[in-house]
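The following explanation leads the reader through one protein model, from its strands and helices to its largest pocket. Please keep the sequence and the coordinates at hand while reading.

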Amino acid sequence: MRLWQKVSVWWQRIGRLQRSLPVLPMLFVIALVLTLTTAACSQTATTTSADSTSTASAAPVVLRIGRQKFDPLTLVRAKGKLEERLKPLGITAVEWIEFQSGPPMLEALNADSIDIARTGDAPPVIAQAAGVPLVYVGGSAPKDKSSAVLVKQDSPIQAIADLRGKKVAFAKSSSANYLAVKALEAGGLKWEDIKPVYLSPSDARSAFEQGNVDAWVIWDPFYAAAQKQAGARVVRDSAGLVANRDFYLATRKFADKYPDVIKAIGEEVQAVAKWADANPSEVAALLSPLLKIDQPILETVNQRRNYGFEAITPEMIAEQQAIADTFHTLKLIPKPIDVKNAIWKAV
C-alpha cells in the first residue's frame with residue numbers, strides 16, 4: 001500500500017475515534033497522525049535501502065581472460081559469441097589479456113589480474129608448487145605433435161644424443177621445458193648434459209636464427225613458423241613423449257563463486273572446437289589477420305592440434321603428477337605436490 005493510502009486510512013480511523021470520543025483533544029489527534037506518518041516514511045526508507053543493497057550485490061562483473069597468441073580462447077574471442085552468452089550470468093564485459101607463455105599468465109592469476117587462464121601442462125605444476133591458489137577447471141585432448149626440438153637446417157645435430165654440451169633454448173617452467181626433459185631421457189642424456197638457455201618464444205627465435213643457441217624447444221604456432229620461415233629442422237617432435245594438453249585454470253575463489261561462468265566458457269569452447277574441426281581452412285583464414293601469422297602456417301598448426309574443452313580425468317591428473325614429480329627431482333619446484341588437491345569440483 002502506498003504512503004498516501006496508509007495516511008488516508010489512518011485519518012478515517014481517527015475520525016471514527018473522535019466521533020466515539022468527542023472530548024479527544026485535537027492536538028493529540030495531530031500528534032498521532034504525525035507519528036504514524038513518520039513511521040510510514042521510515043518503513044519506506046528501509047525498503048528503499050534494502051532494494052539498493054540488493055542491487056549493489058548484483059554489481060556488474062568484468063571477466064578477465066588470459067590467453068596466449070594461439071590457443072582455443074583466441075578462436076573463441078574471434079568468433080565473438082562468448083560475451084552474449086555470459087550476459088545473463090551477470091558478466092557485463094570480457095577483457096582479453098595476451099601473454100607470451102604460461103608462467104607469467106599464472107603469475108597474473110595469482111595477483112588477481114585475470115580470472116581465467118589457458119596454459120600448457122607445465123605452468124600449473126610450477127604455480128601450484130609456488131602456492132598459487134589455482135584450480136584446474138578443464139583440459140583438452142592430447143596434442144602430442146604440436147611441439148618439437150628444432151635445429152637449423154645446416155646444423156650437425158641429427159639426434160637428441162648430439163645435444164650433449166649444447167645450448168638449448170626454451171621458456172623456463174613451460175611445456176617446452178618438460179618436453180626438453182623427456183626428449184633428453186629418450187635420447188639417453190641427462191639434464192646436466194645440456195646448457196639450458198631460458199628465453200621467451202620471441203627471444204628464443206632471435207637467438208636461434210642468429211646462431212646463439214644450438215637448438216630450440218618450442219610449441220605451435222612458433223614451431224610451424226620456424227619451420228616455414230626460418231627453415232628449422234625437427235630433431236624430435238613431442239609424439240610419444242608428452243601429451244601436451246591444454247589446461248584451463250582459475251582461482252578456487254573465482255571458480256566457486258561463478259561455477260555457471262566456468263560451465264558456459266567450457267561449452268562455448270567446445271562449440272567453437274566442433275566448428276574448427278569441420279572447417280580448418282576457415283579457422284586459418286579467420287585467425288591469420290588477427291595473429292599476423294601467414295595462413296599456410298596456421299593450416300599446418302591446425303593439423304597438429306584440437307581446440308576442445310573436456311572435464312578433468314584421472315589420466316590427465318596422472319600426467320600432471322608425472323610432470324610434478326619430474327620437476328621436483330630436477331629442483332625446478334621446491335617441494336613435492338599432489339595435483340589432486342588442485343582439481344576443482346563444481347559446487
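**A covered strand and its two partners**

Strand S5, residues 147-151, is mostly covered, with five of its five residues buried. The model under discussion is a predicted one. From S5, Ser147, Val149 and Val151 point one way, while Ala148 and Leu150 point the other way, and all of them are buried.

S5 takes part in two pairings. Strand S8, residues 215-219, runs antiparallel to S5 and is joined to it by four bridges; within this pairing, Ala148 stands opposite Ile218 of S8. Strand S9, residues 233-237, is likewise antiparallel to S5, again with four bridges, and here Val149 has Arg236 of S9 opposite it. In general, the strands of a sheet pair through backbone hydrogen bonds, in either a parallel or an antiparallel arrangement.

The account now widens to the protein as a whole. Its secondary structure comes to 14 helices and 10 strands. The chain has 347 residues, and 48% of them count as buried. Among contacts with a separation of 6 or more, 77% are between residues that are 24 or more positions apart.

**The open sheet**

What is the order of the strands in the open sheet of five strands? The order is S2-S1-S3-S10-S4, and the pairing is mixed. The edges are formed by S2 and by strand S4, residues 134-139, each of which pairs on one side only. On average, and with direction ignored, neighbouring strands of this sheet are turned by 25° against each other.

Strand S1, residues 61-68, is mostly covered, since seven of its eight residues are buried. S1 and S2 run parallel and are joined by eight bridges. S1 also pairs with S3 in the parallel sense, over two bridges. Gly66 illustrates both pairings: its bridge partner in S2 is Ile97, and its bridge partner in S3 is Ala117. Towards the other edge, S4 pairs with strand S10, residues 247-251, in the antiparallel sense over five bridges. In that pairing, Leu134 stands opposite Thr251 of S10.

Helix H3, residues 72-79, packs on this sheet and touches S1, S2, S3 and S10. The direction of H3 makes about 130° with that of S1.

**Buried residues on the helices**

Three helices offer further examples of burial. In helix H13, residues 295-303, the buried residues are Ile297, Leu298, Thr300, Val301 and Asn302. These buried residues of H13 pack against helix H9, residues 222-229, and helix H12, residues 280-291.

Glu268 lies in helix H11, which spans residues 259-278. Why does Glu268 count as buried? The reason is its relative accessibility of 8%, as the cut-off for a buried residue is under 20% relative accessible area. Apart from neighbours within four places in sequence, Glu268 is in contact with Val76, Lys81, Leu82 and Arg85. Of these partners of Glu268, Val76 falls within the residue range 72-79 of H3, the helix that packs on the open sheet.

Ser175 is found in helix H7, residues 175-186. With a relative accessible area of 13%, Ser175 is buried as well. Ser175 and Asp121 are 54 residues apart along the chain, yet their C-alpha atoms are separated by 5.6 Å. Leaving aside neighbours within four places in sequence, the contacts of Ser175 are Gly120, Asp121, Ala122, Pro123, Trp219 and Asn244.

**The largest pocket**

One of the contacts of Ser175, Trp219, leads to the last part of this account. Which residues lie nearest the centre of the largest pocket? They are Gln68, Arg118, Trp219, Asp220 and Phe222, out of 25 residues that line the pocket. The elements that give two or more residues to this lining are strand S2, residues 91-99, and strand S3, residues 116-119. S2 and S3 are also members of the open sheet described above.

The largest pocket has a volume of about 290 Å³. By class, its lining has seven nonpolar, 11 polar and seven charged residues.

Conventions: Residues are numbered from 1 along each chain as its sequence is written. This is a predicted model: local features need pLDDT of at least 70, side-chain atom pairs count only at pLDDT 80 or more; totals for chains, interfaces and linings use all residues. Side-chain values use heavy atoms; hydrogens and water are left out. On a 1 Å grid over the protein atoms alone, a cavity is a set of points where a 1.4 Å probe fits but cannot get out, and a pocket is an open set with protein on both sides within 12 Å along at least five of seven lines; lining residues have an atom within 4 Å of a point. Grid points are joined across faces, edges and corners, and a volume is the space filled by probe spheres set on the points. Ala, Val, Leu, Ile, Met, Phe, Trp, Tyr, Cys and Pro count as nonpolar, Asp, Glu, Lys and Arg as charged, and the others, Gly among them, as polar. Two strands pair if DSSP finds at least two bridges between them. Axes are lines fitted to C-alpha atoms, for helices over the stretch in contact, and angles run from 0 to 180 degrees between N-to-C directions. Contact means heavy atoms within 4.5 Å. Buried means under 20% relative accessible area, exposed over 50%, partly exposed in between (1.4 Å probe, protein chains only).
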